[in-house]
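Q: I have the model open and would like a close look at a single part of it, taken slowly. Please pick one place to begin and build the picture outward from there.

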Amino acid sequence: MAKQHQEGSVLEAKRTKLAPPPLYTVLLLNDDFTPMEFVVLVLQKFFSMSRERATQIMLKVHVEGRGVCGIYPRDVAATKVEQVTTFARENQHPLACVMEEN
């Protein structure tokens, strides 16, 4: 769509492409103190996983040192990290939950 401007010049309407917001991966990190059952509970409670899926992720954390809980926009990822960290500390566990930009 073109608009007439002063002295006959034409301004073209520019279409701006909005890039989707960056997504962040939320991860749990292994430690030698947090019980496996607590990790399963966290995955069920904060990431809405079935017990079976939560157990799979917990074993990945245990064996590989880290496991993906989900991928979210920044605000959601930050909130989940804060919720998990607070819940772990309230239960005297050192479970680490972090986020990484994709």
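A: Let's start with helix α2, residues 51-64, which lies across β3 and β4 and runs at about 125° to β4. Please keep in mind as we go that this is a predicted model.

The two strands under discussion belong to an open sheet of 3 strands in the order β4-β3-β5, with antiparallel pairing. The edge strands are β4, residues 66-73, and β5, residues 96-101, each of which pairs on one side only. From one strand to the next, the twist averages 25°.

Strand β3 is a good place to linger. Residues 23-29 make up this strand, and 7 bridges join β3 to β4, the two running antiparallel. Another 6 bridges join β3 to β5, and that pair is antiparallel too. You can follow the register residue by residue: leucine 23 has proline 73 as its bridge partner in β4, while tyrosine 24 stands opposite tyrosine 72 in β4. Tyrosine 24 also has a bridge partner in β5, namely glutamate 101.

How enclosed is β3 by the rest of the structure? Of its 7 residues, 5 are buried, so β3 is largely enclosed by the rest of the structure.

Leucine 27, which lies in strand β3, lets you see this at the level of one side chain. Leucine 27 counts as buried because its relative accessibility is 3%, and the cut-off for buried is under 20%. Setting aside neighbours within four places in sequence, leucine 27 is in contact with Arg66, Gly67, Val68 and Cys69, as well as with Ala96, Cys97, Val98 and Glu100. One of these partners, arginine 66, is 39 residues from leucine 27 in sequence, yet the two are 6.4 Å apart in space, C-alpha to C-alpha.

From the sheet we can move on to the core. The largest nonpolar core has 24 residues, and those touching the most other members are Val26, Leu28, Val42, Leu43, Phe47, Val84 and Leu95. The elements giving two or more residues to this core are β3, α1, α2, β4 and α3, so our starting helix and both of the strands that it lies across are on that list. It is α1 that gives the most, with 7 residues. Valine 42 shows how such a residue is surrounded: apart from neighbours within four places in sequence, valine 42 is in contact with Phe47, Val84, Phe87 and Leu95.

That brings us to the aromatic residues, where the count comes to 3 aromatic pairs. Phenylalanine 38 and phenylalanine 87 form a stacked pair, 5.3 Å centre to centre with 10° between the planes. This pair links distant parts of the chain, with phenylalanine 38 in helix α1 (residues 36-47) and phenylalanine 87 in helix α3 (residues 74-90), 49 residues apart. Phenylalanine 38 and phenylalanine 87 are both buried. Phenylalanine 87 forms an edge-to-face pair with phenylalanine 46 as well, at 5.4 Å centre to centre and 65° between the planes. Here again distant parts of the chain are linked: phenylalanine 46 is in helix α1 and phenylalanine 87 in helix α3, 41 residues apart. Phenylalanine 46 is buried too. Taken together, Phe38, Phe46 and Phe87 form one aromatic cluster. There is also a charge to look for: the charged end of lysine 80 sits over the ring of phenylalanine 47, 5.4 Å from its centre.

Finally, step back to the whole chain. The protein has 3 helices and 5 strands, and from the N terminus on its elements run β-β-β-α-α-β-α-β. Of its 102 residues, 31% count as buried. Among contacts with a separation of 6 or more, 66% are between residues 24 or more positions apart. The pairing of leucine 27 with arginine 66, 39 residues apart in sequence, is a handy one to view when you turn back to the sheet.

Notes
Residues numbered from 1 in each chain as written. Predicted model: local features only at pLDDT ≥ 70, side-chain atom pairs only at ≥ 80, totals over all residues. Heavy atoms only, no water. Pairing = 2+ DSSP bridges. Helix = DSSP H or I, 4+ residues; strand = E, 2+ residues; numbered from the N terminus. Axes fitted to C-alpha atoms, helices over the stretch in contact; angles between N-to-C directions. Contact = heavy atoms within 4.5 Å. Buried < 20%, exposed > 50% of the residue type's maximum accessible area, 1.4 Å probe, protein only. Phe/Tyr/Trp six-rings, centres within 6.5 Å; stacked < 30°, edge-to-face > 60°. Lys NZ or Arg CZ within 6 Å of the ring centre and 35° of its normal. Core = buried A, V, L, I, M, F, W, Y, C linked by side-chain atoms within 4.5 Å.
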